Amino acid sequence: MLREIAQTLDPVCFVEGNLSIKLDEVQREVLRNTGKRIILNICRQWGKSTIAAFKALHRAVHHAESLILLLSPSLRQSVELFRKVLDASYLIEHLPEKTEDSKLFMTLKNGSRIVSLPGKEGTVRGYSGADMIVIDEAASVPDDLYLAVRPMLAVSDGELMLISTPKGKRGFYYNVWTHGGKTWKRYEVNAKQCPRISATFLAEERESMPERWFMQEYFCKFLDIEDVVFPMEYIEAMRDPDVQPFYTGMVDKNVTKWRG
Ligand SMILES: Nc1ncnc2c1ncn2[C@@H]1O[C@H](COP(=O)(O)OP(=O)(O)O)[C@@H](O)[C@H]1O
Ligand SMILES: [Mg+2]
């Protein structure tokens, strides 16, 4: 009984009591922060999506009738993020029964819903009165989506959390981080401060990419737009396993031609 009360009141107890994971200090702070406006500027692989999933699940389980929207730049990322919610949900001891679930949403018997959506303005239409909105990889989400979701918090007085690694000095994520004012609680964590990223891995990463890019991915730096030699979408496509490398055909043809 005491354990249940502790888990209701404290998301850290909820996570550590149900899942075999030991959260680091900042992760605990973010989970415990009940502020309405939170923005994270944190390096790759720190656990941003994981923490978003835990925060959403805690809210859904312990605050009946909650509507939680998780937004990501693409459908693939929405599915991936929701997978973290689902994976954790299987391990929660007192999870209210799921009355509906799919790859992108779940409804619990206590009336709470978690919905994971790709970041297009049209997809969020139809939802109102969100109690929590999380925008993951917010630097890659278009401004019109941000503008579309903000009014959903008006009546519900809901929480908004923006999570990302920087992606240039532009867009709402950059603007909130730099000019958002005191209403926002900011968390910045670079790869050196992340207890799970080794110095060896980091040195290898530094070797494998341009220095500025490395600073963006692992040291929370917003690049000037003019620093970016290649269009962002080319670079993003390199991370996307669904995108075929455009040069393979060319290489094959050329090899044949040169040999010929
Ligand atoms: N406190 C922790 N202990 C162990 N593993 C963790 C912890 N936090 C995050 N991870 C793991 O780190 C990896 C990266 O997490 P993810 O949420 O995808 O990072 P990000 O969204 O910041 O890139 C995942 O495998 C996740 O399970
Ligand atoms: Mg992530």
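Author: Helices (H or I, at least four residues) and strands (E, at least two) are DSSP runs, numbered from the N terminus. What you see is a predicted model, in which local features need pLDDT of at least 70 and side-chain atom pairs count only at pLDDT 80 or more, while totals for chains, interfaces and linings use all residues. Residues are numbered from 1 along each chain as its sequence is written, chains are lettered from A and ligands numbered from 1 in the order in which they are written, and side-chain values use heavy atoms, leaving out hydrogens and water.

Reader: Let's start with the overall fold: how many helices and strands does the protein have?
Author: The chain to look through has 260 residues, 46% of them buried (under 20% relative accessible area; exposed is over 50%, partly exposed in between; 1.4 Å probe, protein chains only). Among contacts (heavy atoms within 4.5 Å) between residues at least 6 apart in sequence, 68% join residues at least 24 apart. The secondary structure comes to twelve helices and eight strands.

Reader: Turning to the ligand, which residues of its surroundings are the closest?
Author: Ligand 1 is surrounded by 13 residues (each with a heavy atom within 4 Å). Helix α4, residues 48–62, gives the largest share of this shell, with three residues. The closest ones are Gln 27, Gln 45, Gly 47, Lys 48 and Thr 50.

Reader: How do the residues of that shell divide into nonpolar, polar and charged?
Author: Here Ala, Val, Leu, Ile, Met, Phe, Trp, Tyr, Cys and Pro count as nonpolar, Asp, Glu, Lys and Arg as charged, and the others, Gly among them, as polar. On that basis, the shell around ligand 1 has three nonpolar, five polar and five charged residues.

Reader: What percentage of the accessible area of ligand 1 does the protein cover?
Author: Polar contacts are a good way in (pairs of N or O atoms within 3.5 Å; within protein, one must be able to donate a hydrogen and the other to accept it, and residues adjacent in sequence count only if both atoms are side-chain atoms). Nitrogen atoms of the ligand lie 2.9 Å from a backbone N or O atom of Lys 22 and 2.9 Å from a polar side-chain atom of Gln 27, while an oxygen atom of the ligand is 3.3 Å from a side-chain N or O atom of Lys 84. Of the 570 Å² of accessible area (Shrake-Rupley method, 1.4 Å probe; for residues, only the protein chains shown count as cover) that ligand 1 has on its own, the protein covers 71%.

Reader: Gln 45 caught my eye; what is its phi?
Author: Gln 45 sits in the loop between β1 and α4. With 65% relative accessibility, Gln 45 is exposed. Though not a glycine, Gln 45 has a positive phi, near 70°.

Reader: Now the interior: which element gives the largest share of the largest nonpolar core?
Author: A nonpolar core is a set of buried Ala, Val, Leu, Ile, Met, Phe, Trp, Tyr and Cys residues joined through side-chain atoms within 4.5 Å. The largest has 47 residues, and Leu 40, Trp 46, Phe 54, Leu 70, Val 85, Ile 114 and Tyr 218 have the most contacts inside it. Eight residues, the largest share of this core, come from α4.

Reader: How many residues does the other core have?
Author: Leu 70 of the largest core has contacts beyond four places in sequence with residues including Leu 81, Val 85, Ile 114 and Leu 117. Apart from that core lies another, with Leu 69, Leu 117, Ala 130 and Trp 184 among its members; its count is 27 residues.

Reader: In helix α8, which residues are buried?
Author: Helix α8 spans residues 171–179. The cover over its buried residues includes β1, β6, α7, β7 and β8. Those buried residues are Phe 172, Tyr 173, Tyr 174, Val 176 and Trp 177.

Reader: Why does Tyr 146 count as buried?
Author: Tyr 146 belongs to helix α7. Beyond four places in sequence, Tyr 146 touches Ile 135, Leu 160, Leu 162, Phe 172, Val 176 and Trp 184, and its side chain makes a 2.7 Å polar contact with that of Arg 150. Tyr 146 counts as buried because its relative accessible area is 7%.

Reader: And what is the relative accessible area of Glu 205?
Author: Glu 205 is part of helix α9, residues 199–208. Leaving out residues up to four places away, Glu 205 touches Phe 214 and Tyr 218. Glu 205 is buried, with a relative accessible area of 18%.
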